[in-house]
Amino acid sequence: MSKLVYALLICLISASPALAAGIDTGDTAWVLMSTALVLLMTAPGLALFYSGMVRRKNVLGTIMQSFAVLCAVSIQWVLIGYSLSFGPDKFGLIGGLEFFGLQGVGQEPNLDYAATIPHQAFMLFQMMFAVITPALIAGAFAERMKFSAFLIFTLLWTTLVYDPVAHWVWGVGGWLRVLGALDFAGGAVVHISSGAAALAAALMLGKRKGYLTEVMPPHNLPLTVIGAGLLWFGWFGFNAGSALGANGLAATAFLTTNTAAAGAGLSWMAVEWIHRGKPTLLGLASGIVAGLVAITPAAGFVSPVSSIIIGLAAGIVCYASVAVIKPLLKYDDSLDAFGIHGVGGMFGAIATGIFATVAVNPAGADGLIFGSAALLGKQLIAIGASALYSFIVSIVILKVVDLVVGLRVAKDDEVQGLDITQHSENGYSL
Amino acid sequence: MKKIEAIVKPFKLDDVKKALGDLNIEGMTVSEVKGFGRQKGHSEIYRGAEYMVDFLPKVKIEIVTSDEMTPKIVDAIMEAARTGKIGDGKIFIVPVDDGIRIRTGERGDDAL
């Protein structure tokens with residue numbers, strides 16, 4: 001019996017020659033390396049970035065969310081997620097189940113997506129994007145969501161929101177891809193979809209107990225800044241890896257990524273300095289992340305000088321959304337998942353429609369300042385569709401999860417903290 | 001016997017320790033504490049939001065000593081901990097009924 005299972009598994013993995021024709025070793029090495037870099041963004045990058053901003057009683061619960069997503073989506077992606085995203089197109093809306101359990105996804109390249117690397121390498125690289133996206137949402141409901149509800153939400157959201165949206169934008173036959181909207185490394189798929197879900201979650205879960213009446217300062221900013229550094233480092237895999245080859249386009253994406261992060265770090269710091277009188281480290285780190293988010297859809301389509309402008313503007317736009325607009329609307333997006341990823345992602349998608357040029361990437365298109373308004377219109381459609389779809393489906397999923405297990409921890413548990421009440425552990429012994 | 005409790009600015013601890021060392025005191029206990037007096041708190045800024053933090057970090061020094069040594073120690077702390085600005089802290093002196101050295105069972109001034 002076990003031999004039969006083993007033989008079946010071998011078939012599923014689809015044995016193939018050691019080095020299939022068309023595989024480029026440099027490209028393969030770069031994409032595998034980039035995959036590991038993107039993993040680092042979630043765990044521990046995002047885990048540390050978020051956990052430093054919560055109160056000390058929630059440090060472990062917050063870290064655990066990122067790591068649990070990494071495990072859960074790694075399995076979901078192999079079983080069904082990859083097929084729903086990149087399987088043969090169904091009506092432009094979703095991939096078919098042909099790649100269920102990675103059937104036919106082997107060492108041979110898939111000519112539709114990446115002709116010079118093993119199909120499994122492409123699948124793995126995409127897996128890490130599927131992992132980080134739901135982990136980003138956790139910033140909106142930090143410090144108050146039940147762990148069981150979180151796990152169910154994550155699996156449902158990945159399957160019902162991430163997988164279809166990834167197919168729309170990147171899948172062959174996906175309707176936004178056919179439309180001609182540009183998203184180099186996941187501005188819509190990752191950041192707009194997670195940002196819209198974050199806003200839905202902040203509204204559905206409601207405010208933390210004591211929000212706006214108690215002081216809730218970050219408990220360990222050095223953790224947050226280490227996390228921001230790891231995010232920046234990992235983002236080279238995210239953006240430059242999205243060239244899917246070790247080539248000039250990867251170098252351009254690497255360069256625009258770094259430059260936009262730098263610009264946004266400086267502009268957030270400067271605006272906060274003018275607005276509040278002090279340049280803050282959390283501001284510098286937040287600006288860096290905002291710049292990385294904003295350049296994500298544009299990284300392989302814009303020039304280095306454009307990326308400076310995109311970065312500088314992203315720092316200011318995201319600061320305004322977090323420091324000015326959020327307090328006016330009074331929702332509790334605890335760690336600004338919407339304010340930075342949602343707003344930064346939408347801004348980046350618009351900026352792509354303005355600054356893209358075929359001089360950088362012949363496979364792209366010319367944006368507004370290079371003489372064509374058509375791209376900007378397509379970008380707006382992509383923003384609207386991904387944000388609206390994610391927001392609405394997230395509300396429905398949250399409603400269902402609330403009915404089944406309840407979204408929020410009990411009031412007393414929230415006061416005591418997630419670490420003790422959800423996990424029976426303590427982050428700090430003194 | 002008296003207990004002297006001094007609450008001082010954290011960065012003044014080294015100066016106070018040195019001044020007390022010059023008096024050859026027998027021992028002291030130091031803790032990091034938080035609180036407010038007339039200085040009140042300070043503001044902190046996180047992502048453009050300004051928070052009032054009520055409790056400031058201070059250092060509390062506790063010394064139990066003989067009645068004769070008390071004024072000298074108080075003077076030394078006052079001298080060493082003073083910056084002249086608000087928030088320099090306070091010194092409290094309280095009577096102590098007795099003291100016991102656990103190892104030997106000595107009591108009173110002998111236990112110091």
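**Notebook: Thr154(A), chain A and the contact with chain B**

I started at Thr154(A), which touches Val69(A), Val73(A) and Pro134(A), leaving aside residues up to four places away in sequence. The model is a predicted one, and I keep that in mind for every value below.

Which helix holds Thr154(A)? I find Thr154(A) in α5 of chain A, the helix that covers residues 147-170. I then asked whether Thr154(A) should be called buried or exposed. Its relative accessible area is 2%, and the cut-off for buried is under 20%, so I enter Thr154(A) as buried.

Next I looked for a polar partner of the Thr154(A) side chain. A polar atom of that side chain lies 2.8 Å from the backbone oxygen of Phe150(A).

**Chain A as a whole**

I counted elements next: chain A has 15 helices and two strands. The radius of gyration of chain A is 21 Å, and the globule rule gives 22 Å for 430 residues, so I note chain A as being as compact as a globular protein of that length. Along the principal axes, the C-alpha atoms of chain A fill a box of roughly 65 × 65 × 40 Å.

I also looked up burial: 57% of the 430 residues in chain A are buried. For contacts in chain A between residues at least 6 apart in sequence, I have 76% joining residues at least 24 apart.

**Chain B against chain A**

How many residues of chain B are in contact with chain A? I get nine from chain B, in contact with 21 residues of chain A. The area buried between the two chains is about 1,100 Å², and carbon and sulfur atoms give 60% of that area. Which three residues of chain B supply more of its buried area than any other three? They are Ile45(B), Tyr46(B) and Arg47(B), with 67% of the area that chain B buries against chain A.

I went on to the charged and polar pairs. There are two salt bridges between chain B and chain A. Asp336(A) forms a salt bridge with Arg47(B), where the closest N and O atoms are 3.1 Å apart. Between the chains I list seven residue pairs in polar contact, both residues being at pLDDT 80 or more.

On the side of chain B that touches chain A, the elements giving two or more residues are β3 (42-46) and β4 (49-53) of chain B. β4(B) gives the most, with four residues. By type, the residues on this side of chain B are five nonpolar, one polar and three charged.

Conventions: Residues numbered from 1 in each chain as written. Chains lettered and ligands numbered in written order. Predicted model: local features only at pLDDT ≥ 70, side-chain atom pairs only at ≥ 80, totals over all residues. Heavy atoms only, no water. Contact = heavy atoms within 4.5 Å. Buried area = accessible area lost by both parts, 1.4 Å probe. Salt bridge = Lys/Arg side-chain N within 4 Å of Asp/Glu carboxyl O. Polar contact = N/O pair within 3.5 Å; in protein donor to acceptor, adjacent residues only side chain to side chain. Nonpolar A, V, L, I, M, F, W, Y, C, P; charged D, E, K, R; others polar. Buried < 20%, exposed > 50% of the residue type's maximum accessible area, 1.4 Å probe, protein only. Rg over C-alpha atoms; globule rule 2.2 N^0.38 Å.
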